[in-house]
Every structure is written in C-alpha cells, then in structure tokens.
Amino acid sequence: MSAFPRFSILVAGVLGLFPIGHSLSAQSALSTRGLGVEIEPVDARARALGGGAVGLMDSEISWYNTAASVGLAVPGIIFAYQYDNYESLSGGTLTHGRAARFPLILGAFPVSERVTLTAGYGSFLDQSWRIEREDTIALAGESTVITDEISSTGGVARLRAGVAYGLRSNLSLGLSLDSYVGEVERVQGRRFPGEGSPGCCRGSYNYSGIGYGGSFQWAPSEALTLAGSASYGGTLKAGVVADTTGPRFDAGADRSYELPLQLRGGITGRVGQATMVTVGGGWNGWSGLDDLLAEQGGAQDSWSGNAGAEWEGLIVRDRPVPLRVGARMGTLPFRWGDTATAAFAEERAFSFGAGLVLAGGAARSDLAAEFGERVGDESSFSESFWRFAFSVRVLGR
C-alpha cells in the first residue's frame, strides 16, 4: 500500500477520534479525500456568475477558454484572489477551517488580429489541511499540555502556455499545454511545549506531469456566443522526496495517476441592451481512478451546471458598475467515507458580485461572494461554506 491511501486512512480514523471543534486549514474538509479538492482558476466575474467561465461575450482572458483571447487589441493580465471559510459536520464531529490563495494569474499577448498567445498559472488540487488536538499527559509527575498534529501542506498547480487563432471574425480556436507542478509535505506527530512543529515524522512528495487542452468560441450573432473546452491531464506523477530532514514515516513508492478528460461548455445571450444571461456546465471523468483510490472510497465521474446574469445599467460617476448574480450545482468526485457504500458529496451554491471599469476600460476590478453547501446524506456528511473572490484585469481589452 502506498503512502497516499495509507495516510488518508489514518486521517479518516483521526477525524473520527478528535472531539467536536477541531480545525483544518483548507478549502474544505474534503481536501483530505482522494487527490484533494479541485480549485477552479476563475476570476471574480466568473465566480459571481455561478462559476461560468466559458462562453462569456467579447474577448476575454480565460483559463478554461483560451480561444476567447482572440480579438484583444492590447496585451493584458488578470489575477485573482480567493478566501474560503467552511464548517463541516460528519459523524457528530464538527470541523471548521479557512484558506486563502491566488488561484489564477494569466496573461494574454496579441501577436496579430488573429493570433494571441497566453501564459500563466492556475490552481488545480488543494491538499492543504491541518488537524490538531490538545491533550494532557504526565511527565516527571507533572501534567504537560501536548498537541497531536496531522497535516498536509501543498497541492498541485498548472503552468500554462497557449495559443488562440481566429478562423473567422466570429469563430476562434485555442490550444494549450500545461505543466503540472507542486509539492506536498505531510506531518504526523506530537508537539511538546516550546516546539513549533512535531519532531516526528515527515514525508514530502513532488508532483509533475503534462496536460493538453483545446477550446473554441463562436458568435453566430452579436447577441449570442457559444463556447466549449476540453482538457486531458495525462499522467500526474507523485514522487517521494528522499532528502526531507528529520525522522520520516514510511513514504512508500512513487505513484502515478491518469488524470481525467474534462469537458466544459457555455452559452451566453444578450437580453435587452444592458442584460446578459449565461448558462453552462461541465463533466470530469474521474471514475478512471476508482480502482487506484478504492481504499479511500474510490472515485466517480463528476458534473456541474451553472447559470448567471449580468446587468450593466448602473452608472456611478460616469462609470459603469455591472451587477451579477449566479448559481451552480454539481457532484464531487471523491467519497467522504472509506467504504464503497459511502455517498459522494453534492455541492450547491449561489453567488453575487459587482465590477468596476477604471481608466476608460484600461482596467477592471471585480468582487464576488458565494454561499453554499456540500452534502452526502448516506455518509451523514454536511458542510456549509462561503467564499470571497477579488480579481483585477489590467489592459487586455
């Protein structure tokens, strides 16, 4: 048995033993399951629209839709910040946590009217969490407060290079190449007074791999845009780092995971002069990892659907302030429990946000807030969450 399922089985056992009120540093308690929780590299505008990041109108700098960058007149860059807070209940154990990250930094560079190059960074899988429990033991006849800790720090991200080409004025195609990178350090041990971290034991893993993607964007009319994207992750390799300092737990052997085919699509239409409506969805073929992750509960294909609306009728001091609302729902790929009878979790959320166009359109800032829940009735698992997102786009118009 490799270190990955063995460590997760240990985590599940500890979760059941820890008292109500412990905390995890993570986006979700589900970051302890399977390969972690997928982090969508989207900006705050897409987040406010229910996560819809494919098929939005006009030229955009988009991770999921490289083809949308055709038509940008000048180079641009977009970066996003995201803060997550959640509270989870499973088997009578209450868990709460939070995480902050930059899930997206992406630039676009028009070479000509028809060709645009893109490059950047996007988050992928979150494997960062920490579980702590305080206890008291007797040492030399005196009571001493100790802290038992199990933690995982890190995850998997993607470095991307892409190119988009305009076949016609209303149809463009995009191709992308991803390099998967990341490192995870796992710690399990006990801290005594005065220690910043457990003296034993540690293990580290490096992630690497290559992925591929393609997308299209088609605007059959000025009031309608359709787009779709597909990506294939190839093989994600998890290699044991041999030079970790300090005592180590058994790290096992290197592992390889065949990442799934992922499909996304979206349609956006303009309703009246100031209102835009978008709907979309996605499918991820995670079930191919079911056998490999069987001891952690397995994996299933997951799907999602989203809808949103944007109204641009509000003007403040001669500046447009677009207002947005959205909703989404879907399934998650990894079971909360370790048995084949445990349920997979489902996710539902609604969102809203606003934007501000600055410097005559040279820059745009966006804010979004999202509230939702993740539930798995058969496993008695429920989790409520909220997140805040902020992004800035400079030029790229």
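Over the ring of which residue does the charged end of Arg160 sit? The ring is that of Trp63, and the charged end of Arg160 lies 4.1 Å from its centre. Here a charge counts as sitting over a ring if NZ of Lys or CZ of Arg is within 6 Å of the ring centre and within 35 degrees of the ring normal. Arg264 offers another example, its charged end being placed over the ring of Tyr64 at 3.8 Å from the centre.

Before we go on, a word on what you are looking at. This is a predicted model, in which local features need pLDDT of at least 70 and side-chain atom pairs count only at pLDDT 80 or more, while totals for chains, interfaces and linings use all residues. Residues are numbered from 1 along each chain as its sequence is written, and side-chain values use heavy atoms, with hydrogens and water left out.

Let us stay with the rings. A pair of aromatic rings is described by the distance of the centres and the angle of the planes. Rings of Phe, Tyr and Trp (its six-membered ring) pair if their centres lie within 6.5 Å; planes under 30 degrees apart count as stacked, over 60 as edge-to-face and the rest as tilted. The structure has six aromatic pairs. In one of them, Phe124 and Tyr180, the planes stand at 55° with the ring centres 5.5 Å apart, so this pair is tilted. Phe124 belongs to strand E5 (residues 115–126) and Tyr180 to strand E8 (residues 171–191), so that the pair links distant parts of the chain, 56 residues apart. Strands (E, at least two residues) and helices (H or I, at least four) are DSSP runs, numbered from the N terminus. Phe124 is buried, at a relative accessible area of 0%, and Tyr180 is buried as well, at 4%. Buried means under 20% relative accessible area, exposed over 50%, and partly exposed in between (1.4 Å probe, protein chains only).

Next come Trp286 and Phe334, whose ring centres are 5.4 Å apart and whose planes make an angle of 65°, so the pair is edge-to-face. Trp286 sits in the loop between strand E14 (275–284) and strand E15 (302–311), and Phe334 in strand E18 (residues 323–335), 48 residues apart. Both Trp286 and Phe334 are buried. Elsewhere, ring pairs join Phe350, Phe352 and Phe371 into a cluster.

Now to the charges. Side chains of opposite charge can pair when their charged atoms come close. A salt bridge is a side-chain nitrogen of Lys or Arg within 4 Å of a carboxyl oxygen of Asp or Glu, and the structure holds 24 of them. A good place to look is Arg328, which forms a salt bridge with Glu347, the closest N and O atoms being 2.5 Å apart. Glu347 lies in strand E19 (residues 344–358) and Arg328 in strand E18, 19 residues apart. Glu347 is buried at 11% relative accessibility, and Arg328 is buried at 14%.

Arg328 also meets Glu370 in a salt bridge (2.7 Å, N to O). Glu370 is in strand E20 (residues 363–376) and Arg328 in strand E18, so this contact ties together parts that are 42 residues apart in sequence. Glu370 is buried, with a relative accessible area of 1%. Glu347, in turn, has a salt bridge with Arg374 (2.6 Å, N to O). That pair connects strand E20, home of Arg374, with strand E19, home of Glu347, across 27 residues. Arg374 is buried, like Glu347. Salt bridges that share partners join these residues into one network, whose members include Glu40, Arg47, Asp84, Arg101, Asp126, Arg264, Arg328, Glu347, Glu370 and Arg374.

Finally, turn to the surface. Leu177, Ile210, Tyr212, Tyr232, Leu261, Leu263, Trp283, Trp303 and Met329 form a nonpolar patch with about 850 Å² of accessible area together. Patches are made of residues with over 30% relative accessible area and no salt bridge: like charges are joined within 9 Å, nonpolar side chains (Val, Leu, Ile, Met, Phe, Trp, Tyr) within 5 Å. Accessible areas come from the Shrake-Rupley method with a 1.4 Å probe; for residues, only the protein chains shown count as cover. Strand E9 (202–221) and strand E13 (261–271) are the elements that give two or more residues to the nonpolar patch. Leu261, found in strand E13, counts as partly exposed at 40% relative accessibility.
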